[in-house]
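Colleague: I have a few quick things to ask about this one before I go back to the bench. Could you show it to me first?

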Amino acid sequence: MRRDKVIATAGEALAGARDGASFAVGGFGLSGIPNVLIQALYDSGVTGVSVVSNNCGVDGGGLGLLLAARRIARVTASYIGDNKEFARQYLAGELEVELTPQGSLAERLRAGGAGIPAFYTPAGVGTPIADGGLPLRHAPDGSVALASPPKEVRDFDGVPYVLERAITTDYALVRAAKGDRYGNLVFAKAARNFNPLAAMAGRITIAEVEELTDLDPDEVHLPGVFVQRVVPLTREQAADKAIERRTITP
């Protein structure tokens with residue numbers, strides 16, 4: 001018999017999350033981020049967490065809420081973006097940050113979910129990504145307190161490739177447009193960029209879904225084998241979608 005994975009609230013779905021846990025978080029900028037689960041994690045008081053996400057939200061939004069409250073100890077991301085508090089904490093030595101090419105980050109998450117421990121990629125060859133020396137943590141005086149180590153580089157058919165390690169996390173928090181009771185998910189537009197990959201990397205994956213419904217197997221983007229808990233959103237929660245940068249075209 002298939003197991004019903006629906007949990008009534010985000011707070012209940014996050015029960016058991018502990019200080020120092022690691023979280024893969026879906027979304028691209030503010031598009032497709034699991035707002036309700038991020039707020040529930042904030043409300044839980046959990047601190048000292050490690051976060052793996054494309055970026056770390058914005059000032060006052062998304063993962064920026066946890067960042068401002070000093071709940072995040074380490075971030076693995078592809079860019080800092082316009083988050084001034086993220087930049088301040090990193091440069092002040094208050095936050096450990098691993099920056100990685102966006103495509104490599106995506107594949108590291110996917111590989112973790114697929115059980116592949118590492119892979120070779122040309123991205124980053126000949127740069128501090130491969131050679132080491134990127135500041136992971138600064139000292140309060142601005143000097144480098146901890147730098148990234150060099151990575152293995154190997155030639156294949158005369159082309160150099162750098163070895164990247166896969167990523168797995170204690171939890172994954174994702175948002176889907178539709179989901180069923182068994183954890184099968186469908187993502188909309190930009191939300192499909194990182195949510196499926198983050199979901200694969202988590203040992204316990206929690207999905208907030210805008211619509212809980214029956215799904216045709218042919219429309220499923222991520223099978224329920226990767227999802228342990230499903231949180232149906234209210235109409236108001238589903239409609240709450242922030243815009244990172246509003247532009248107007250004449």
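Modeller: Please keep in mind throughout that this is a predicted model. A place to begin is the end of helix H2, which is followed by Gly-45, a residue whose phi is positive, near 85°.

Colleague: Which residues does H2 cover, and which of them are buried?

Modeller: Helix H2 takes in residues 35-44, and within this helix Val-36, Leu-37, Ile-38, Ala-40 and Leu-41 are buried. As general background, an α-helix has 3.6 residues a turn, so residues three or four places apart point the same way.

Colleague: Stepping back, how many helices and strands are there in the protein?

Modeller: The protein has eight helices and 13 strands, and its C-alpha trace spans about 50 × 50 × 45 Å along the principal axes.

Colleague: And what is the radius of gyration against that of a compact globule?

Modeller: The protein has a radius of gyration of 18 Å, which agrees with the value near 18 Å that a compact globule of 250 residues would have. Buried residues make up 46% of the 250 residues, and, among contacts with a separation of 6 or more, 69% are accounted for by residues 24 or more positions apart.

Colleague: What about the surface and the charges?

Modeller: The accessible surface comes to about 12,000 Å², with 52% of that area belonging to carbon and sulfur atoms. As for the charges, there are 26 positive and 29 negative ones, and their mean positions are 2 Å apart.

Colleague: New topic, Thr-121: where does it lie, and is it buried or exposed?

Modeller: Thr-121 lies in strand S5, which runs over residues 118-121, and Thr-121 counts as buried because its relative accessible area is 12%, which is under the 20% cut-off.

Colleague: What does Thr-121 touch?

Modeller: Leaving aside residues up to four places away in sequence, Thr-121 touches Ser-104, Tyr-161, Val-162 and Glu-164. Closer along the chain, a polar atom of the Thr-121 side chain lies 3.2 Å from the backbone nitrogen of Ala-123.

Colleague: Last one, Ile-243: where is it found, and is it buried or exposed?

Modeller: Ile-243 is found in the segment after helix H8, the helix of residues 235-239. Ile-243 counts as exposed because its relative accessibility is 52%, and the cut-off for that class is over 50%.

Colleague: And how far is Ile-243 from Gly-61?

Modeller: The C-alpha atoms of Ile-243 and Gly-61 are separated by 9.9 Å, although these two residues are 182 residues apart along the chain.

Note on methods. Residues are numbered from 1 along each chain as its sequence is written. This is a predicted model: local features need pLDDT of at least 70, side-chain atom pairs count only at pLDDT 80 or more; totals for chains, interfaces and linings use all residues. Side-chain values use heavy atoms; hydrogens and water are left out. Helices (H or I, at least four residues) and strands (E, at least two) are DSSP runs, numbered from the N terminus. The radius of gyration is taken over C-alpha atoms; the globule rule is 2.2 Å times the number of residues to the power 0.38. Buried means under 20% relative accessible area, exposed over 50%, partly exposed in between (1.4 Å probe, protein chains only). Contact means heavy atoms within 4.5 Å. Accessible areas come from the Shrake-Rupley method with a 1.4 Å probe; for residues, only the protein chains shown count as cover. Lys and Arg count as positive and Asp and Glu as negative; His and the chain ends are not counted. The place of a charge is taken as NZ of Lys, CZ of Arg, CG of Asp or CD of Glu. A polar contact is a pair of N or O atoms within 3.5 Å; within protein, one must be able to donate a hydrogen and the other to accept it, and residues adjacent in sequence count only if both atoms are side-chain atoms.
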